[in-house]
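Q: I am new to reading protein models and would like a close look at one part. Could you walk me through the aromatic rings and what surrounds them?

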Amino acid sequence: MTALELARQLRHRFGEVLSEPLEFRGEITLELRDPERIAEVCQVARSELGFDLLLDISSVDNYDRPPRWLIVYELYSLRHGQHLRLKTQVAEEVSELPSVTSVWPAADWHEREIYDMMGIRFRGHPDLRRILMWEGYPYHPLRKDFPLRGLPSEVPGVAFTESAPLEGGPFVTTPGAPDAIAREPRARPVREET
Amino acid sequence: MQTTTEIGYNSKVEGDVIVTRLEAALNWFRQYSLWPMPMGLACCAIELMAAGASRFDIARFGAEVMRFSPRQSDVMIVSGTVTYKMALVVRRLYEQMAEPKWVIAMGACASTGGMYRSYAVLQGVDRILPVDVYVAGCPPRPEALLDALIKLQAKVRREPVLATLKRPGPALPVRPPALQARLQP
């Protein structure tokens, strides 16, 4: 069975909560309109459609284009040899959605990483601690409004941080620019926030 | 029966006695048996291993006894990216090393933070440790590390051992100010 057929089955099961399967370069994506139902959708995808492997969970910060968070689930079925991508959006005021650790135990560390780097909480996660930064670090460093150079902080006896000298940087690219010269990473004014 | 004790020139031991200053002898012992503590934190550690292996053979300079216990080491070779998460651990390991002790910052990351101008990386291990020799490179070739070791040996050779015998070692750089406040009694 192809990923498109599996995606159609999932949509048939949940109806309007899921979008029509979107195909881009042979990859199938379903958008989930209600993030509160993510665990339920994943449970069906695993137990009834055979998506037994959770490859990754990632998150996108849309910053000034709400809803701010986009959570992306990459599923794979060993039985069918097919990939499926689930996307769901969460508003900044909510910043919380159900955990899928009950569906795939592998989600544990992925969700901890998103919590650490983006500050999105997963309800029902068995152990929602930071995974890369240390306990007590006050920021979520992959958020768009966190400066690359970092901010000073200290947890006595554990770790401290300082701001890194960027010497004219950060060097950022301009996606969507017409040619490679315009897209080339160059120093641009740093957005001073937080 | 009368015995005589021979003082001064003795033809029986001629050629087997070397006369030198105590300080020069001590420094000579030290410089050719620097036991490294391999503080391998990233890809530089691979080059450090190469420096220790047969092709480059750091044993030629008397520094082949890599010890993973700080209590048995003389020179900490910080090879790799020091993250803020690791920084105080590196410092604690350094503090556990017995005097006399030295530090080689191997590679761009350990020396200055290297390409990681980032929220997560300490911008040079000299912010928390007194570094004796910096090695350029990303990663440096094993020859560069051997050169650093030879430079460190030259430094050890010049040290006034007897004058500083009862004195504590080099003061640790204390940064940031918050860390400094915590270290003061």
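A: Here is a friendly tour of the aromatic rings, followed by the chain around them and a few other spots.

Keep in mind from the start that this is a predicted model. It scores ipTM 0.80 and pTM 0.81.

Let's begin with the rings. Searching the whole structure turns up seven aromatic pairs over all chains. One of them joins Trp28(B) and Phe29(B): the ring centres are 6.0 Å apart and the planes meet at 65°, and because an angle over 60 degrees counts as edge-to-face, this pair gets that name. Trp28(B) also pairs with Tyr32(B), again edge-to-face, with 6.0 Å from centre to centre and 75° between the planes. So Trp28(B) takes part in a pair with Phe29(B) and in a pair with Tyr32(B).

Are these residues hidden or open? Trp28(B) has a relative accessibility of 51%, so it counts as exposed, the cut-off being over 50%. Tyr32(B), at 41%, counts as partly exposed.

Now look for a bigger group of rings. Ring pairs link Trp134(A), Tyr137(A), Tyr139(A), Phe146(A) and Tyr119(B) into a cluster. Notice the letters in brackets: the cluster has members from chain A and a member from chain B.

Rings can also have a charge sitting over them, and here are two places to find that. In chain A, the charged end of Arg13(A) sits over the ring of Phe14(A), 6.0 Å from the ring centre. In chain B, the charged end of Lys101(B) lies over the ring of Tyr94(B), at 4.3 Å from its centre.

Next, step back to chain B as a whole. Chain B contains six helices and four strands, and along the sequence they run in the pattern α-β-α-β-α-β-α-β-α-α. Of its 185 residues, 41% are buried. One residue to find on the helices is Glu95(B), in helix α3 (residues 84–96) of chain B. Glu95(B) is partly exposed, with a relative accessible area of 41%. Its C-alpha atom is 59 Å from that of Gln2(B), and the two residues are 93 apart along the chain.

How confident is the predictor about chain B? The average pLDDT of chain B is 87, and 86% of the residues score at least 70. Among the elements of chain B, strand β4 (residues 133–135) has the highest mean pLDDT, 96, while helix α6 (residues 177–183) has the lowest, 51. Where pLDDT is low, the predicted coordinates should not be read in detail.

Finally, visit chain A for some residues outside the rings. Leu53(A), Leu55(A) and Leu78(A) form a nonpolar patch on the surface, and together they have about 260 Å² of accessible area. Leu53(A) belongs to strand β3 (residues 53–61) of chain A and, at 32% relative accessibility, counts as partly exposed. On another strand, β6 (residues 96–98) of chain A, you will find Glu96(A). Glu96(A) has 22% relative accessibility, so it counts as partly exposed. Glu96(A) and Pro67(A) are 29 residues apart in sequence, and their C-alpha atoms are 12 Å apart in space.

Note on methods
Residues are numbered from 1 along each chain as its sequence is written. Chains are lettered from A and ligands numbered from 1 in the order in which they are written. This is a predicted model: local features need pLDDT of at least 70, side-chain atom pairs count only at pLDDT 80 or more; totals for chains, interfaces and linings use all residues. Side-chain values use heavy atoms; hydrogens and water are left out. Patches are made of residues with over 30% relative accessible area and no salt bridge: like charges are joined within 9 Å, nonpolar side chains (Val, Leu, Ile, Met, Phe, Trp, Tyr) within 5 Å. Accessible areas come from the Shrake-Rupley method with a 1.4 Å probe; for residues, only the protein chains shown count as cover. A salt bridge is a side-chain nitrogen of Lys or Arg within 4 Å of a carboxyl oxygen of Asp or Glu. Buried means under 20% relative accessible area, exposed over 50%, partly exposed in between (1.4 Å probe, protein chains only). Rings of Phe, Tyr and Trp (its six-membered ring) pair if their centres lie within 6.5 Å; planes under 30 degrees apart count as stacked, over 60 as edge-to-face and the rest as tilted. A charge sits over a ring if NZ of Lys or CZ of Arg is within 6 Å of the ring centre and within 35 degrees of the ring normal. pLDDT is the predictor's confidence in each residue, from 0 to 100.
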